[in-house]
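Biologist: I would like to understand how the descriptive words for a protein model are earned, one at a time. Could we go through this one together, with the reasoning spelled out?

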Amino acid sequence: MLKDQFSRTRIRFDGFTRPGDVRLASELGVDAIGFEFAQGARRQIRVEDARFMRHALAPLVSGVAILRDNSVDEVREVVRQLRPALLEFRGDEDDVRMRSFGVPYARALRREEWAMMNAGSLQTRYPNASMFVLYADETEEPPALEAEWSWLPEGLARPLMLAGGIAPGNVSAIIGTLGPWGVSALEGIEVAPGRVDGDRMNSFLRESRDADCRKGR
Ligand SMILES: O=C(O)c1ccccc1NCC(=O)[C@H](O)[C@H](O)COP(=O)(O)O
């Protein structure tokens, strides 16, 4: 799945707390927007806010609900209000639980989790995952950030998104070097905690598109 020379890298921006920012990101051309519903998440929003976020999404831009050990009722309510295209699970949820909501799911893993697994064990443990999201340590800067992913699982038959520390300025190198199916960013598009910035989002998207154009050359 890595070093995909032909497809366009999918871009997701995370951590949105304000409907106006959702609309702006949508209009700038992001593929998907992640909303955090996990207790204690840095940009946690309330389930009751999900409907406002959904209405702010432009047509053809997907909403993703990011969850970590939320109760079944909470996840059902998020699904009802947000109608997400994808659920991303970050906690101890197992495959049976994650697939039970009738929405495709992505399994997120921190570096210490995925570094101990290979493509086979990931797929055996999460057979119904539509995608995997691998998070690097947040503190790393390039080129250490690229090195973080130097032992990515080979031969994964599912889309792979990379996240953690990705921003304008390093996204191009990450796409050019590693060729992931998708990338996502949270702090990299903010000017202050919870305040995304149009210029930073624009730069991120432009640098990603430029890197895609250079792929395979
Ligand atoms: O937060 C968790 O518990 C967690 C569990 C499993 C995988 C990832 C998890 N969190 C990821 C983060 O908080 C990310 O590092 C973050 O969303 C990426 O943000 P950024 O580096 O600001 O783009």
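Biologist: How many nonpolar, polar and charged residues does the shell around the ligand have?

Modeller: Before I answer, please keep in mind that this is a predicted model. By class, the shell around the ligand holds 7 nonpolar, 3 polar and 6 charged residues. Of the 16 residues in this shell, the ones that come nearest to the ligand are Arg90, Ala108, Tyr135, Leu186 and Glu187.

Biologist: Which strand gives the most to the shell around the ligand?

Modeller: That is strand S5, which covers residues 105-110 and gives 3 residues to the shell.

Biologist: Let us step back to the whole protein. Why is it called as compact as a globular protein of its length?

Modeller: The secondary structure comes to 9 helices and 10 strands. The radius of gyration is 16 Å, while the globule rule gives 17 Å for 217 residues, and the two values are close, so the protein is as compact as a globular protein of that length. Along its principal axes, the C-alpha trace spans about 45 × 40 × 30 Å. Buried residues make up 39% of the 217 residues, and of the contacts between residues at least 6 apart in sequence, 62% join residues at least 24 apart.

Biologist: What is the order of the strands in the closed barrel, and in which sense do they pair?

Modeller: The closed barrel has 8 strands in the order S1-S2-S3-S4-S5-S6-S7-S8, and the pairing is parallel. Neighbouring strands of this sheet are turned by 25° against each other on average, with direction ignored.

Biologist: How do you know that S1 and S8 pair?

Modeller: Two strands count as paired if at least two bridges are found between them. Strand S1 (residues 10-14) and strand S8 (residues 182-185) are joined in the parallel sense over 4 bridges, which satisfies that condition. In these bridges Arg10 has Gly182 of S8 as its partner, and Phe13 has Ala185 of S8. On its other pairing, S1 is joined by 3 bridges to strand S2 (residues 32-36), again running parallel, and there Arg12 stands opposite Ala32. Strand S7 (residues 160-163) also pairs with S8 in the parallel sense, over 3 bridges, with Ala163 opposite Ser184.

Biologist: What makes S1 largely enclosed by the rest of the structure?

Modeller: A residue is buried if 20 or more other C-beta atoms lie within 10 Å of its own. In S1, 4 of the 5 residues are buried, so the strand is largely enclosed by the rest of the structure. In S8, Gly182 and Ser184 point one way while Val183 and Ala185 point the other way, and all are buried.

Biologist: Why is Arg8 called partly exposed?

Modeller: Partly exposed residues fall between the exposed limit of 12 or fewer and the buried limit of 20 or more. Arg8 has 14 other C-beta atoms within 10 Å, and therefore it is partly exposed. Arg8 is in the segment before S1, and its C-alpha atom is separated by 8.6 Å from that of Cys213, although the two are 205 residues apart along the chain.

Biologist: Why do Leu60 and Pro59 count as exposed?

Modeller: The limit for exposed is 12 or fewer neighbours. Leu60 has 7 C-beta neighbours inside 10 Å, so it counts as exposed, and Pro59 has 5 of them, so Pro59 counts as exposed as well. Leu60 is found in the loop between helix H2 (50-56) and strand S3 (62-67), and Pro59 also has its place between H2 and S3. The C-alpha atoms of Pro59 and Glu27 are separated by 9.7 Å, with their positions 32 residues apart along the chain.

Biologist: What is notable about the phi of Leu60 and of Arg83?

Modeller: Leu60 has a positive phi of about 75° although it is not a glycine, and Arg83, also not a glycine, has a positive phi of about 50°. These values stand out because most residues other than glycine have a negative phi. Arg83 lies in the loop between helix H3 (72-82) and strand S4 (86-89), and with 14 C-beta neighbours inside 10 Å it counts as partly exposed.

Key. Residues are numbered from 1 along each chain as its sequence is written. This is a predicted model: local features need pLDDT of at least 70, side-chain atom pairs count only at pLDDT 80 or more; totals for chains, interfaces and linings use all residues. Helices (H or I, at least four residues) and strands (E, at least two) are DSSP runs, numbered from the N terminus. The radius of gyration is taken over C-alpha atoms; the globule rule is 2.2 Å times the number of residues to the power 0.38. Two residues are in contact if their C-beta atoms, placed from the backbone, lie within 7 Å. Axes are lines fitted to C-alpha atoms, for helices over the stretch in contact, and angles run from 0 to 180 degrees between N-to-C directions. A residue is near a molecule or strand if its C-beta atom, placed from the backbone, lies within 6 Å of it. Ala, Val, Leu, Ile, Met, Phe, Trp, Tyr, Cys and Pro count as nonpolar, Asp, Glu, Lys and Arg as charged, and the others, Gly among them, as polar.
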